[in-house]
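Me: Please take a close look at one single part of this structure for me. I am a first-year student, so keep the sentences short.

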Amino acid sequence: MLEKRILIAATIFALAVAGTIAMTVRMFGIGVPTCLTDVRPFKDGKVIEQGPKRYEIHYVARMWRFDPPDIDIPPGSTADIYLSTADVTHGLQIVGTNVNLMAVPGAVNFARVKFDKQGDYLVVCNEYCGAQHHNMAGRIHVAPTAPQVVKQEEQPVLEKYGCTACHSIDGSPSPGPTFKGLYGSKRTLANGMIVTADEAYLAESITKPDAKVVKGFDAMPSIDVPPADLHAIVEMLEKLK
Ligand code: CUA
């Protein structure tokens, strides 16, 4: 008889614990980190907009960066985060949130997070993963004017040379002319001349920024871009028109 009572008490206790966890999860909108066994590890990072303020983020951790490195979403968004690794074990912590996941080879880990506050959230690796571990970081930019999701394919080469630091890709104002609609457009230069932004113009503007300065903008510092990357950047700009 005593045993039966103990059993009942234990069951009630277990249910209470489960209930408390479920309520906490619901109240704070935070998912308990989960290892998903039914999802295959993926090779490419991406952001999928599932609906208004609903995002699915596929992160791939690799030596030594997160893919996608930068993500823009509006405040109040809920993000389902799926994490894979392309090489060794990494960590993924989103500073200022409860998200703290491990990226384990062969597995996909999951957490849900709601971004209520605006600002830049730093994404860091918190598992030692080699020489550049301390430099492994990404960013989630939470702002109302957040441009729509930057498509993964459009990022690497523009990121590599820091282009998007000064040139927006969605038409929003930026220190340099926006890339959106740039290709093929007519540019009025500081000297009053009007030119067409064709491939030759774009290539020249990247390698010799002060050759043709667009009216209303300062010439950017010249950057050293090898021909293959120069070609890739110009191609990217063509796509962004
Ligand atoms: Cu990746 Cu440390």
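Reply: Start with the whole chain. This is a predicted model. Of the 241 residues of the protein chain, 39% count as buried. The chain has four helices and 13 strands. Contacts between residues 24 or more positions apart make up 56% of those with a separation of 6 or more.

Now take helix α4, residues 227-239. It has 13 residues. At 1.5 Å a residue, the expected span is 18 Å. The C-alpha atoms at its ends lie 19 Å apart, so the two values agree.

Next, look at which residues are hidden. D229, L230, I233, V234, M236 and L237 are the buried residues of α4. Look down the helix axis: these buried residues fall within an arc of 155 degrees, so they line one face of α4. Buried here means under 20% relative accessible area.

What do they pack against? The buried residues of α4 pack against two helices, α2 (156-160) and α3 (199-207).

Now turn to the other side of α4. There, P227, A228 and K239 are exposed. For exposed residues, the relative accessible area is over 50%.

Put the pieces together. One face of α4 is lined by its buried residues, and these pack against α2 and α3. The other side of α4 carries the exposed P227, A228 and K239.

Last, step back to the surface of the protein chain. About 14,000 Å² is exposed. Carbon and sulfur atoms supply 58% of that area.

How values were computed
Residues are numbered from 1 along each chain as its sequence is written. This is a predicted model: local features need pLDDT of at least 70, side-chain atom pairs count only at pLDDT 80 or more; totals for chains, interfaces and linings use all residues. Side-chain values use heavy atoms; hydrogens and water are left out. Buried means under 20% relative accessible area, exposed over 50%, partly exposed in between (1.4 Å probe, protein chains only). Contact means heavy atoms within 4.5 Å. Accessible areas come from the Shrake-Rupley method with a 1.4 Å probe; for residues, only the protein chains shown count as cover. The expected span of a helix is 1.5 Å times one less than its number of residues. The arc is that of the directions from the helix axis to the C-beta atoms.
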